[in-house]
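Let's take a walk through this fold, one piece at a time. Keep the viewer open and follow along.

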Amino acid sequence: MPELPEVETTVRDLQKKVRGRTFIDTWTDFEKIIKKPKNFQDFKKEIKNKRIKNVRRRAKFILFDLSGDKTLLIHQKLTGHLLLGKWKKKGNRWTSSFPLLSDRINSYIHLLFTLDNEEMIGLSDLRKFAKVELWDSRKLSESEEMKSLGPEPLEKEFTFKKFTEILKNKKAAGGEPRPRRGKIKQVLMDQKVIAGIGNIYSDEILFEARVNPFQLVFQLNPEELKKIYKAIIKILKIGIKSKGESISDWRTVEGKKGLFDNYRRVYQREGEKCSRCKSMILRRKIGGRSAHFCPKCQKL
DNA sequence: ACTAGCCCCTGGGAGC
DNA sequence: TGCTCCCAGGGGCTAG
């Protein structure tokens, strides 16, 4: 699942490799993946001949700033990932001569952008949940989609004070902030609270901080808050440094696996022994999602 | 205003 | 071996 470290890895690679290039052509076999403009032909026409000025990340969104004051937004959701390479059409499907791009996981190509150097940006997405939108840059930055996002946890603005504030209090429209109800795992994954954390990293962060995922946020003491705050930064940085987690479908733009698996302590380790205390890792549902944790190290 | 639950998808695993 | 059933999961949406 692409979360902050995976999206950041993709964005850094694209920065290096496609900045300055121009979109020449667009192909898809699943027009629904383009949400804006709604009509694919309109999308194709609008993006043609736009130059990539910059590639950046906000939360789990990949944003291409284009000439003509347009911004291309891509959210990879669960199984989507962007690839860079060359593909050729064989019958009904696209194949690549790059061995890594022929891997099954990289072969669910549903969208292809051809650039002016004949390279292509491909979107492989098994479950077709990803979404692609082309915005007027200004409208996007003023959109609810962007404005409602919480702070970036690796930016300077994300201080311990700010973290405590947003975690414990919920802004009410035009009213006094109120204590936030909810379990810590759910709150960490709420993009309106902090941007970029998903199911894998929330589990790993809470293991690092030794806090139980069911812990209610308003009951967290300052010591626990500090541990969580530090763990967020530490774990996300390890995620980026190791070029992401590839336990599921996500890969780098070259189609390679990230190495965060070497640091994965609890996610999808139900029934295995805790790396610290040898207790058995549990898996429990929280709000429809599965949480993995050590019942001893992360005692409620 | 808020939350719980459905929905979008498809490969893979379980059960028979 | 092959069929059917069920599930994961980010985030948008709807019903309550």
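**Strands, a buried helix and DNA**

In this predicted model, Leu112 has Gly122 of β10 as its bridge partner. That pair is a handy place to start, since the two strands around it, β9 (residues 109-115) and β10 (residues 120-125), run antiparallel and are joined over five bridges.

Now zoom out a bit. β9 and β10 belong to an open sheet of four strands, ordered β1-β9-β10-β6 and paired in the antiparallel sense. The edges are held by β1 (23-28) and β6 (80-85); each has a single partner strand, so one side of each has no neighbour in the sheet. Going from one strand to the next, the twist averages 15 degrees. If you're colouring side chains here, keep a general point in mind: in a regular strand they alternate between the two faces of the sheet.

Next, look up β11 (residues 131-136), which pairs with β2 (residues 34-36) in the parallel sense over two bridges. Within that pairing, Lys36 sits opposite Glu133 of β11. β11 also pairs with β5 (residues 70-75), this time antiparallel, and six bridges join them. Here Leu72 has Leu134 in β11 as its bridge partner.

On to the helices. How many residues of helix α7 (residues 199-209) are buried? Eleven of the eleven are, so the helix is largely enclosed by the rest of the structure. Charged and nonpolar names alike turn up among those buried residues, including Asp203, Glu204, Ile205 and Phe207. What do they pack against? Their neighbours are α1 (4-18), α6 (184-189), α8 (222-241) and β15 (289-293). Just past the end of α7, Arg210 adopts a positive phi of about 60 degrees.

Two of those neighbours, α1 and α8, also meet each other. Their axes come within 8 Å and cross at roughly 40 degrees, and the crossing is right-handed. On the α1 side the contact uses Leu4, Pro5, Glu8 and Thr9, while α8 supplies Leu236, Gly239 and Ile240. Sorted by class, that contact has four nonpolar, two polar and one charged residues.

Finally, find DNA strand C. The residues around it include Met1, Lys60, Lys77, Arg127, Phe129, Gln191, Arg289 and Ser290. Asn199 is also among the residues around DNA strand C, and it is one of the buried residues of α7. By class, the surface near DNA strand C divides into three nonpolar, four polar and five charged residues.

Terms used: Residues are numbered from 1 along each chain as its sequence is written. Chains are lettered from A and ligands numbered from 1 in the order in which they are written. This is a predicted model: local features need pLDDT of at least 70, side-chain atom pairs count only at pLDDT 80 or more; totals for chains, interfaces and linings use all residues. Two strands pair if DSSP finds at least two bridges between them. Axes are lines fitted to C-alpha atoms, for helices over the stretch in contact, and angles run from 0 to 180 degrees between N-to-C directions. A residue is buried if 20 or more other C-beta atoms lie within 10 Å of its own, exposed if 12 or fewer, and partly exposed in between; C-beta atoms are placed from the backbone. Two residues are in contact if their C-beta atoms, placed from the backbone, lie within 7 Å. A residue is near a molecule or strand if its C-beta atom, placed from the backbone, lies within 6 Å of it. A crossing is left-handed if the near helix is turned anticlockwise from the far one by less than a right angle, and right-handed if clockwise.
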